[in-house]
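Hi everyone, thanks for coming. Let me put the sequence and the model up on the screen, and then we'll walk through a few spots together.

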Amino acid sequence: MPELLFYTTEGCHLCEYAEAMLDDLARSGKIRARPVDISESEELVERYGLTIPVLRNPRSGRELNWPFNTEQIIELLQTDTG
C-alpha cells in the first residue's frame with residue numbers, strides 16, 4: 001500500500017480536516033499516511049509551520065499543501081521520480 005508522510009501538529013484544525021480525508025482513504029485501502037509531528041523538530045517547524053497540513057510522497061519528493069482534496073491526494077501517490 002502506498003505511503004505518504006503527513007506533516008501535522010497538535011491543535012491544528014486544518015490538519016484535522018486533512019486527517020479525516022486520509023482516514024477515509026486508508027479505510028478504503030488506497031493509502032497509508034504516516035503522521036509526522038513538526039513540533040518535534042525545529043527544522044520541520046521552520047519549513048512547514050505556516051503551511052501545514054502538508055502531504056509528501058517520499059518516493060517522488062513531491063508535496064501537496066493545504067487545501068487539497070482526495071483526488072489530489074491520489075494524484076500525489078501516482079507521481080514518480082521519473
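So, where is the place of Thr8? Thr8 sits in strand β1. Before I go on, remember that this is a predicted model.

Okay, is Thr8 buried or exposed? Its relative accessibility is 13%, and anything under 20% counts as buried, so Thr8 is buried. And who are its neighbours? Leaving out residues up to four places away in sequence, Thr8 touches Cys15, Pro35, Val36, Asp37, Ile38 and Ile52.

Keep Cys15 in mind, because it takes us to helix α1: Cys15 is one of the buried residues there, along with Ala18, Met21, Leu22 and Leu25. Look down the axis of α1 and those buried residues fall within an arc of 120°, so they line one face of the helix. Here's the general idea behind that: an α-helix has 3.6 residues a turn, so residues three or four places apart point the same way.

What about the other side of α1? There you find Glu16, Tyr17 and Arg27, which are exposed. And what covers the buried residues? The cover includes β1, β2, β3 and α3.

Now a quick sanity check on α1. It has 15 residues, from 13 to 27, so at 1.5 Å a residue it should span 21 Å, and its end C-alpha atoms are indeed 21 Å apart. Just after this helix comes Gly29, with a positive phi of about 80°. In general, most residues other than glycine have a negative phi.

Next, how do α1 and α3 pack? Their axes are 10 Å apart, at an angle of about 60°, and the crossing is right-handed. On the α1 side the contact is made by Met21, Leu22 and Leu25, and on the α3 side by Thr70, Ile73 and Ile74. You've met those three α1 names already: they are among its buried residues.

Let's move to the loop between β3 and β4, where Asn57 lies. Buried or exposed, what would you guess for Asn57? Buried, with a relative accessible area of 3%. Its side chain reaches the backbone oxygen of Leu76, at 2.8 Å. Asn57 also touches Leu4, Arg62, Leu77 and Thr79, again skipping residues up to four places away in sequence.

Leu76 turns up again when we look at Glu63, in strand β4. Glu63 is partly exposed, at 27% relative accessible area. Beyond its neighbours within four places in sequence, Glu63 is in contact with Leu76, and also with Arg47, Tyr48, Val54, Leu55 and Arg56. Which side chains join that of Glu63 in polar contacts? One is Arg47, at 3.2 Å, and another is Arg56, at 3.0 Å.

Last stop, the prolines. Most peptide bonds are trans, as a general point. Here, though, the bond from Ile52 to Pro53 is cis, with omega near 0°, and you may recall Ile52 as something Thr8 touches. Pro53 lies in the loop between α2 and β3. The bond from Trp66 to Pro67 is cis too, with omega near 5°, and Pro67 is in the loop between β4 and α3.

That's my tour. Over to you for questions.

Conventions. Residues numbered from 1 in each chain as written. Predicted model: local features only at pLDDT ≥ 70, side-chain atom pairs only at ≥ 80, totals over all residues. Heavy atoms only, no water. Helix = DSSP H or I, 4+ residues; strand = E, 2+ residues; numbered from the N terminus. Expected span 1.5 Å × (residues − 1). Buried < 20%, exposed > 50% of the residue type's maximum accessible area, 1.4 Å probe, protein only. Arc of directions from axis to C-beta. Contact = heavy atoms within 4.5 Å. Polar contact = N/O pair within 3.5 Å; in protein donor to acceptor, adjacent residues only side chain to side chain. Axes fitted to C-alpha atoms, helices over the stretch in contact; angles between N-to-C directions. Left-handed = near helix turned anticlockwise from the far one by under 90°.
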